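This report describes the strand pairing, the loops and the backbone geometry of one chain. Please keep the sequence and the coordinates at hand while reading.

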Amino acid sequence: MNGLPRALRRDAGTTGEPPARLRIAISMAILKQLEAHCLGALPEEGCGLLLGHREDPRASVTQAWPARNVRASVDRFEISPETVLAADRAARAAGQLLLGAWHSHPGGLAVPSDTDRAEAWPDWLYIIVGLADPARPELRAWRLLSEDFVEDEVEIV
Ligand SMILES: [Zn+2]
């Protein structure tokens with residue numbers, strides 16, 4: 001935060017346009033699948049890939065592709081390149097796209113960490129499952145645009 005009024009800060013940007021948010025449709029069944037996978041991965045971060053369709057400003061997740069966290073870490077995740085390639089091939093074969101990834105924050109909120117910021121791929125969809133209260137997982141969607149994460153809207157269908 002630089003203390004400037006919001007309007008001035010926005011004018012300081014390259015275009016002055018507010019960031020474009022996506023509206024992401026996801027079924028309750030897939031949402032429950034993400035939550036269950038992340039709870040099963042505790043105490044480590046759980047992760048996986050998201051397949052579906054995207055035509056800005058809308059996207060839809062049609063398949064969750066669970067992955068092993070190769071870092072086996074409580075505060076980091078990494079998906080092997082082989083897994084990313086396999087999911088990408090499967091998506092293309094089904095006329096879909098590899099949209100992004102999901103991972104959990106054990107004991108944390110569903111907001112990007114400094115590590116997420118350092119490692120995120122630009123414009124990829126990142127769904128974070130916050131497990132501060134494992135009985136009530138929190139799910140939010142983010143994309144890294146320029147230097148900042150923009151929160152997208154999740155629509156449960
Ligand atoms: Zn994270």
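Which residue of strand 3 does Ala25 stand opposite? In this predicted model, Ala25 stands opposite Ser60. The two elements involved are strand 1, residues 23-26, and strand 3, residues 58-67, which pair in the parallel sense over four bridges.

**The barrel**

Seven strands close into a barrel with mixed pairing, and their order is 1-3-2-4-5-6-7. Averaged over this sheet, neighbouring strands are turned by 35 degrees against each other, with direction ignored. Strand 1 is joined to strand 7 by four bridges, and these two strands run parallel; within this pairing, Ile26 stands opposite Ile156 of strand 7. Strand 1 therefore has parallel pairings with strand 3 and with strand 7, where pairing is taken to require at least two bridges between two strands.

Strand 3 also pairs with strand 2, residues 47-55, but here the sense is antiparallel and the bridges number nine. One of the bridge partners in this pairing is Ala67 of strand 3, which is matched with Cys47. The two strands form a hairpin, with two residues between them. As a general point, strands of a sheet pair through backbone hydrogen bonds, in either a parallel or an antiparallel arrangement.

**Cis peptide bonds**

Two peptide bonds that lead into a proline are cis in the model, as the table sets out together with the loop that holds each proline.

| Peptide bond | Form | Omega | Loop holding the proline |
|---|---|---|---|
| Leu42 to Pro43 | cis | near 10 degrees | between helix 2 (28-41) and strand 2 |
| Asp56 to Pro57 | cis | near 10 degrees | between strand 2 and strand 3 |

Pro57 thus belongs to the loop between strand 2 and strand 3, the two strands that form the hairpin.

**Positive phi values outside glycine**

Ala72, in the loop between strand 3 and helix 3 (81-93), has phi near 45 degrees, a positive value in a residue other than glycine. Is Ala72 buried or exposed? Ala72 is exposed, because 12 other C-beta atoms lie within 10 Å and a residue counts as exposed at 12 or fewer.

Ser146 likewise is not a glycine and has a positive phi, of about 55 degrees. Ser146 lies in the loop between strand 6 (138-145) and strand 7 (148-156), and it counts as exposed because it has 10 C-beta neighbours inside 10 Å.

**Helix 2 and a residue of strand 3**

Ala29 lies in helix 2 and is classed as exposed because 8 other C-beta atoms lie within 10 Å. Although Ala29 and Gln63 are 34 residues apart in sequence, their C-alpha atoms are 10.0 Å apart in space.

**Confidence**

The mean pLDDT of the chain is 91, with 90% of its residues reaching 70 or more. Over residues 1-13, however, pLDDT stays under 50, and for this stretch the model has four contacts beyond four places in sequence. Where pLDDT is low, the predicted coordinates should not be read in detail.

Notes
Residues are numbered from 1 along each chain as its sequence is written. This is a predicted model: local features need pLDDT of at least 70, side-chain atom pairs count only at pLDDT 80 or more; totals for chains, interfaces and linings use all residues. A residue is buried if 20 or more other C-beta atoms lie within 10 Å of its own, exposed if 12 or fewer, and partly exposed in between; C-beta atoms are placed from the backbone. Axes are lines fitted to C-alpha atoms, for helices over the stretch in contact, and angles run from 0 to 180 degrees between N-to-C directions. pLDDT is the predictor's confidence in each residue, from 0 to 100. Two residues are in contact if their C-beta atoms, placed from the backbone, lie within 7 Å.
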